[in-house]
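This report looks at a ligand site, its aromatic surroundings and one annotated domain. Take a look at the structure first.

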Amino acid sequence: MRVLSAALVLAALPTAFAVKAHDFKTCSQAGFCRRGRALSSRAKENPAWRSPYVIDASSVALSSDQAVFTAVVKSQLYPEVNFGLDVRIHDDGVVRVRMDEVGGLRQRYNEAASWALLEEPKVSNAIQWTVAKDSVRAKYGPKNDVEVVVAFEPLKVTLLQGGKEQVVLNGRGLLHMEHFRTKESVAKAREEVANPEEGLDTDDSQAVMEQTLPRTAWFEGETEDGWWEETFNSFTDNKPRGPESLSLDIDFPNHGHVYGIPQHATRLSLPTTTGEDAYYTEPYRLFNADVFEYLADSTMSLYGSIPFLQAHSAESTVGIFNAIGSEAWIDIGRPSPKSTTTHWLSETGILDVFILPGPTIADVFAQYARLTGTPALPAHWALGYHQCRWNYISSEDVRSVQKRFDEEDIPVDVFWLDIEYAEDHKYFMWDHKLFPDPVEMTKDVEAIERKMVVIVDPHLKRVDDYPVYKEATEIDVLVKLKDGQSNYEGWCWSGSSAWVDYFNPKSWDWWKGLFKVDSQGNSWHWVESTVNTYIWNDMNEPSIFNGPEISMPRENIHHGGWEHRDLHNINGMLFHNLTAQAVKERTDPPRRPFVLTRSFYAGSQRFGAMWTGDNLGTWEHMAVGVKMVLANNIGGFSFAGSDVGGFFGNPEPEMLVRWYAVGIFSPFLRAHAHIDTKRREPYLLDEPYKSIVRDILRLRYTMLPVWYTAFREASVTGLPVLRPHYVAFPHDEAGFAIDDQYFVGSSGLLVKPVTRKSATEETVYLPEDQVYYDYFSHHAYRGAAKGKNITVPAELHQIPLFIRGGSIVPTRERPRRSSPLMKQDPFTLRIALDQDGNARGELYLDDGETYSHEKGDFIWREYTATRPGKKSRSVRIHSRNLATQKPGEAVDGVALATYDSANDFARSIAGVRIEKIVILGMPAKPVTVTKVGGKTQMEWTFTPGVAASDKKEGTASVLVIKDPKLSVLMDWEVIVHA
Ligand code: NOJ
């Protein structure tokens, strides 16, 4: 059967899972990583080690507004080489340190930040540098206790807060920017050194370097290790530009935990890679790669790279965004439990480091979001359930899968098509034998407002009857071979293929034009599509089956003459960015795009969602997937998930059920499976598994208001949608390493997904002296001031899910087949009283698909419950308009300043009401429940139990107010008099 053709490209699945580690380099197989680690070892062994990089004091210059300072940096080993240093402080206190070789043989790659940054950050003109004899300094911050010190000799940059070192660059003297040189000059110099009697021509500028050679060995090593050429497996990388790597130590002398630098299958608090007790032996690698059957505990690189790291202690949080576009390796050490060292090695590029001073965790997220952007607010439906597999093989298959979901009353929003929809894997071109009626098929899916997602990969089949390839060739936007002229050819699903160079601006409008669904215009575009067909971008590392490390040769040439090695890690983001723009712009007015990407970089959060790639159907992968999604949230990219069920293998029912429960607490929820796996749509499960999965998915749908509100907050503040303990409780050290339970946004929901086989109980950490209610049983658990572990039931049908006392959670509890059908559904408010009898929550809603919210079409409500007096047992519940309360809020500022409560969206849901209020932990049975200004008593039932203010555990008291006839968008007050 034709649909199996792609499977044949893959090697047959091995009986046991095994990563093909030999396809990918270890540090010792990458010349610059080897050199960087050797440099670090030499530094450790040499007590007299001192960085040769110094600032030429006479060159220090301040910009006219004194906000930026520049200086010439020299390496004492190569006095004839100049480096330019530029240090500036942004409005929000972020320090940007840049260094580049000046007047060298060529320009180092200097564009990484420009692809990642939202815009050029504003330099503060309130902050001024002072120049001293041995350093340049600036002091600033709301308390004027942040200080940046740039020392001259050796060059060292320190950020201090309250006199305490927070971040130190080149404190250990590992900075090394390998300057450009020619093979001939170095060879000649070596020869001269070997035979000094042959004499030196002192007029020759080269001679200076030659004389220094013996002196460089202590720093650069004896040999030209991997400088000019490298071979890995059968691939030779001729490095026409010679050595140009960058080594930099970035230390956090007062922070004992570091997080971030996704993507790695590892713990959230990153384990060490250097030092005697190092957990790993290999540094963390950032090199976007398609790693077949990746390991569940490793520093190996995966599909995406975000060179953003947070360092955290109970006192402060700081961040580093190191704008590297090339391959990079990061060693992490922990000289003492409260301090962390990092050593960054990158193959090419300038030094461009952003130091985020915090000092709070929220500050760091906001600072990073100001640099690279917040996550885009997704379409509301994109938070529903996505059903995928490789492959639904025909239109009829899609229709019957949809029918089965409906017959079994299982909610789903999106059906996905993998590569087999496309004739010979020519994306956009339907295989009409299997999909004779793609538009009609999509219309059938759209009938209950569901959507389709169809895959578009970046490899273009090199055949003349493929208009996309033909046009790309004609307008000359394909990635070039090292000669810079001929188009590169490699192998992927489509056989012999070419790749569009999205760095070439000429490709942009053309690519966007392909997605137009109307029949206007001359050039080819996708008329066999609809505006409800969204896109999946896969294989964009790029994955190339016959390329080095399953990717593109590093010598290939992109727009501007840059080598692929310079921008490898950014490449996938551009494809994603352009596709998202294409989807957005195919309608007028635009609608929010949905594009899933496998490869990503800093800034990708602005363009859509990501998933963790080809995970295995094992418990280890299920567990590490949770940590990887958390790490992505730390990296600013909240819209993340893992393949539910595991991509490879056939999960047993227990595993599949647990995986669904993991999935519904991921921002992106999609089930997916490899072509060789058995079908495993939830309706195929036997009882009781099927009903459990139905309930799990319905739970996700009831909580869509929570997810959407959390996404709205993330899209405004940069705070992540998933919040691990160190984010939610930044002063509680006991929580800093916890990465198997987390909070959803600011909702107060705490979940611990079960990722162990045969579990019947789970241990859950409660970080504070507060009541936490089991979401389902209403059992009130008590934490403790110093944190406490509790044991909770976790049978297969149970999810350890808690509402933190003090939270109000809005849900929509009517089961529907898809999320758009919930638009007019009423809400339930679950009020979880804290120990003082108070609670608070938010609800954000808009039309979920357009950009009219940017003009003010939304509602943003605050619900509060308060105890009127210290001794009172009553509760007052308020609904308030947050949009008018916070007119100055960032990003949405314009909309909020002119906010009109009677906006179009609000009017469209004017009839939507609160159908139920549930109060957990009421201190006493009410006497009356009335709306202020209302005449009649509300209907309610009360089940006695433990009150929030009791210090006891046990089932909480529950007050249910039935149909209180309250509008979701009006201000009101209800008094529960007790
Ligand atoms: C690799 C992706 O990771 C996987 O999800 C997909 O099914 C296959 N490519 C085929 O497109």
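How do the residues of the shell around the ligand divide into nonpolar, polar and charged? The model is predicted. In it, the shell holds eight nonpolar residues, one polar residue and four charged ones.

**Ligand site**

The ligand is surrounded by 13 residues. The closest are D418, D538, R598, D614 and H672. Three of these side chains have listed polar distances to the ligand, shown below.

| Side chain | Ligand atom | Distance |
|---|---|---|
| D538 | nitrogen | 2.7 Å |
| R598 | oxygen | 2.8 Å |
| H672 | oxygen | 2.8 Å |

D538 contributes an N or O atom of its side chain, facing a nitrogen atom of the ligand. For R598, a polar side-chain atom pairs with a ligand oxygen. H672 likewise places a side-chain N or O atom 2.8 Å from a ligand oxygen. On its own, the ligand has 290 Å² of accessible area, and the protein covers 98% of that.

**Aromatic pairs**

A pair of aromatic rings is described by the distance of the centres and the angle of the planes. The whole structure contains 57 aromatic pairs. One of them joins W416 and F668. Their ring centres are 6.1 Å apart and their planes meet at 50°, so this pair is tilted. W416 sits in strand β23, residues 414-417. F668 lies in the loop between α13 (653-663) and β33 (669-671). The two residues are 252 residues apart, so the pair links distant parts of the chain.

Is W416 buried or exposed? W416 is buried, because its relative accessibility is 0% and buried means under 20%. F668 is buried too, at 2% relative accessible area.

A second pair is F639 with F711. Here the centres are 5.1 Å apart and the planes stand at 70°; the cut-off for edge-to-face is over 60 degrees, so the pair is edge-to-face. F639 is in the loop between α12 (619-634) and β31 (640-641). F711 belongs to helix α15, residues 704-717. This pair also links distant parts of the chain, with the two positions 72 residues apart. Both F639 and F711 are buried.

Which residues form one aromatic cluster? The members are W381, W416, Y534, W536, F594, W611, F639, F668 and F711. Both pairs described above therefore fall within this cluster.

**Annotated domain**

An unreviewed UniProt entry places the feature "domain: Glycosyl hydrolase family 31 C-terminal" at residues 718-809. Over that stretch the chain is 4% helix and 39% strand. The end C-alpha atoms are 21 Å apart.

How values were computed:
Residues are numbered from 1 along each chain as its sequence is written. This is a predicted model: local features need pLDDT of at least 70, side-chain atom pairs count only at pLDDT 80 or more; totals for chains, interfaces and linings use all residues. Side-chain values use heavy atoms; hydrogens and water are left out. A residue is near a molecule or strand if one of its heavy atoms lies within 4 Å of it. A polar contact is a pair of N or O atoms within 3.5 Å; within protein, one must be able to donate a hydrogen and the other to accept it, and residues adjacent in sequence count only if both atoms are side-chain atoms. Accessible areas come from the Shrake-Rupley method with a 1.4 Å probe; for residues, only the protein chains shown count as cover. Ala, Val, Leu, Ile, Met, Phe, Trp, Tyr, Cys and Pro count as nonpolar, Asp, Glu, Lys and Arg as charged, and the others, Gly among them, as polar. UniProt positions are given in the numbering used here, feature names are shortened, and annotations may be inferred rather than shown by experiment. Rings of Phe, Tyr and Trp (its six-membered ring) pair if their centres lie within 6.5 Å; planes under 30 degrees apart count as stacked, over 60 as edge-to-face and the rest as tilted. Buried means under 20% relative accessible area, exposed over 50%, partly exposed in between (1.4 Å probe, protein chains only).
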